[in-house]
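The following account leads the reader through one molecular structure, beginning with its ligand and then turning to a set of paired strands.

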Amino acid sequence: MAKVARLLEQIIPERYGLDIDLNMQDFGFAVGEVIDFSLVKPAHELVLHAVRLDVTRVVLDGRSAPVSVTLSKEDETVTLVFEDEVAAGRHTLSLKATGTLNESLRGFYRSTYTHGGVEKTMATTQFEAVHAREAFVGIDEPSAKAIFELSMTVPSELTAISNTNAHDVEDAGPGRKRVSFDPTPRMSTYLLAFLVGEFEYVEKSTPEGVRVRVYATPGKLGQLDFALETAVRTLSFYTEYFGIAYPLRKMDMIAVPDFAAGAMENWGAVTYRETALLLDPEKTSLSHKQRVVEVVAHELAHQWFGNLVTMAWWDDLWLNEGFATWVETLAMDKLFPEWNAWEEFANVNVAYAMELDGLVNTHPIQVEVGDPRSLDEIFDAISYSKGASVIDMLHHYLGADVFARGLRVYLERHKYANTVTHDLWKALGEVSGKPVDEVMSAWTSRPGYPIVSFEDGQIIQRRFFSSPREAKKAGDGASDWPIPFGVVLPSGTETPAILVNGPVDLPAQAMAADWFKPNPDQTAFFRTQYTGPMIEALSVALQQHHIKPKDRFGIVSDVFAGAEAGHTDGVTALKLVASLRDESDYVVWNALSGGLGSLIGIVEDEALRQKFDAFGLWMVQPNIARLGWVPRPGEVVFDTLMRPAVLQLGVRFDDPAVTAEAQRQFDGYLRGDELDPDLRGVALYAAARHGGQAEFDAILARYRTEESPQVKMNLLSTLGRFREAALTEQFLKLGISDDVRPQDLFMVLAWGFRSREGRDATWKFTQEHWSLFVRRYGAGGHMLERFPLYAAAGFNTQAMADEIGAFFAAHPHPAITRPTAQAVESVEIKADWYQRDKTGLEQYLNEWEATNRA
Ligand code: BES
Ligand code: ZN
């Protein structure tokens, strides 16, 4: 991989004056720049970042013009060559550049929306990771922190928003105004933002005096209050937790109709996809409400962790994303204790991280970054979810108070500056007196994680591979991750966590007990290899709920992972499912139903699938009976979340009563009744599963006019669940039509791959339109890299592993190199699993059928 040049080694910018003139008629913009910088070594050449900009009128120190100005598309730079050597030390560079607002959701781009039947355009920015260079010339690297003084000349009737407050608005000719913003703090280029458009907003101040606003394009004012309230509370929480005041005077949060990621933490001007910010109180499901809180809490965490203190280079991206993912959970738990955020954390982040990190094609948390176009692929489950998981492990190991004190030392010490991972460990180590660096560097610098087994009274750890082929290649050598290891005992007590980094004796209390459950609360990042006798010993305690939900979750998820990896088999996992079908905890139940789903997913034989469907129906019935259709007043949040999941499975496994009720509700919806927001998905799913063209058209019509962005997505996803081939075709075509924003296309494909009936057509469609996808998303923006894994999710045969691998190999792109290898590996794992277990599963289901009928 080509090493990226670090331009900061030569030019250190201190201050940028940026004067942007935006023409909303032809979407052209001009930027006048004055850059104060220091040159490290005397040179004839100055190299700065610039992409798709025309650079003119360059003047150094008010006098010398360069003899040549050369853009390199490859390096994304502009090189200015001067006749006389430029001395080391301070200089001022002035220049003008022009560019065009693009439609690619990154850099300085345009987004469209309709209001009052009129199509309108707004301008906005998305600079992370390396797209500031598309809007102005500069040193576009996270360590190149500088002060920005921005002004914008825009049509008078539009609003301009940036990181800081506007302190001045002047007339700038007919119909134009010039808005000048306060200087920013010292900050990285990727955090700069400016937006120009028509906006409406709601406003409130935090008790600490920070002015918070939530903005959207006109007509959405009724959907902004929840995010506002959440932001106000979250800012106060972080101010206290981090022990540092929010560094700016205001926080603006803006919903942008076309947006690549979920949200972006620009300092003081956070941008969001509409689905992640807007919330119509009448139409909102609980899970959507949780999503808004999650995203807001995540982006606001970055205002300290990421914006105030920033990773020195992208190889430590996880410091930003892993930490924000962890602390967003802390904030959610603080704001909504009844949500059980930490149990969901195990369900979402730990499970997701372990899945990807079980592949040989994973990468270490701290990852080398070559080509900037491959940067997008590191915004993945390793940086986010594994990063968050190892932080959680450390949090438990050090204790909440010590951990928080260490964080404050770290933030205070490095504010307005940059860090590497070691700086965080150093602060936490100083405060705790524990060998944090030693413990943690193993987790951040190596790929993968361990699985622990118990052999002859000893704790043995090896690297866990989901693929038995890879495990075989690796041999069975013991590994030495430093694991904080403890167990839960039948008395409910936990042994203290000891650091285990090689084979050691199992604690005596565990040896003596009837059963023990390793990894209390599942907070350490390892799996346990459960043997048949261990599961047997645990089963009564499991059924009687003598084991806490997080631990029950851990057992179920480790047993399924062990079955996939060939340590145990699918029948063992199915028996566990059967024994726990009364499980009432949402997260544990999710592991059970998700595990069952993954087993059903690998089955390619129709007859066997039908047996599985009968088993699935039997499995889900106790909870259908328990939860019903009508929420009980005051019920726990997990029941509210579990009800739609259970009822959807009722529809999926063809429970006649559930299906009939869901269809009845859908009919009512078509006649104008409102659906219960939490159960909307169930009714829609039944309509798709049993419907045809008429239902498709009815839902499409609703999709086109729906005002709530989340309901709109519910409707769109439903269109991908029809079973007729012709409707899948229509759905895929819709994905690239004007009815679907480019930001949503990747979801259309993901839904298509998830459908058994639609997966082949989706794969064909993906191949046929690949050049379109590369054109739309290929230059960065967090989307192209998802395609290989989405495709992999739909397929389970060696032939398809080969086909997917061959296609992407024939269409190489730096953003999909590693995801392609991951995709192929994961399909092969499923194919192997099926071959190993199909006979056993069939036998088990036959026996189950016989006993169940009797
Ligand atoms: N910094 C990211 C946004 C981002 C992602 C920019 C990829 C450039 C490339 C932001 O903080 C983020 O992580 N957003 C998440 C949502 C969050 C709740 C996990 C996202 O966009 O999915
Ligand atoms: Zn983030």
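In this predicted model, a polar side-chain atom of E321 lies 2.8 Å from a nitrogen atom of ligand 1. The side chain of E128 also approaches the ligand, with an N or O atom 2.7 Å from a nitrogen atom of ligand 1. For E299, the partner is an oxygen atom of ligand 1, which is 2.8 Å from an N or O atom in the side chain of that residue. Ligand 1 on its own would expose 510 Å², and the protein buries 92% of this area.

The shell that provides this cover can be described by its members. It consists of 15 residues, and the closest are E128, G262, E265, E299 and Y384. Sorted by class, the shell contains 6 nonpolar, 5 polar and 4 charged residues. Two elements, β18 (263-264) and α2 (286-302), each give two or more residues to it. The largest share, 4 residues, is that of α2.

Attention now turns to strand β2. This strand spans residues 28-39, and 10 of its 12 residues are buried, so the rest of the structure largely encloses it. Strand β1 (residues 11-22) runs antiparallel to β2 and is joined to it by 11 bridges. Within this pairing, Y16 stands opposite I35 of β2. The hairpin formed by β1 and β2 has 5 residues between the strands, and F27 adopts a positive phi near 65° there.

Strand β2 also pairs with β7 (residues 89-100), in the antiparallel sense, over 12 bridges. Here V34 is found opposite S94 in β7.

Methods. Residues numbered from 1 in each chain as written. Chains lettered and ligands numbered in written order. Predicted model: local features only at pLDDT ≥ 70, side-chain atom pairs only at ≥ 80, totals over all residues. Heavy atoms only, no water. Buried < 20%, exposed > 50% of the residue type's maximum accessible area, 1.4 Å probe, protein only. Pairing = 2+ DSSP bridges. Near = heavy atom within 4 Å. Polar contact = N/O pair within 3.5 Å; in protein donor to acceptor, adjacent residues only side chain to side chain. Areas by Shrake-Rupley, 256 points an atom, 1.4 Å probe, with all protein chains shown as cover. Nonpolar A, V, L, I, M, F, W, Y, C, P; charged D, E, K, R; others polar.
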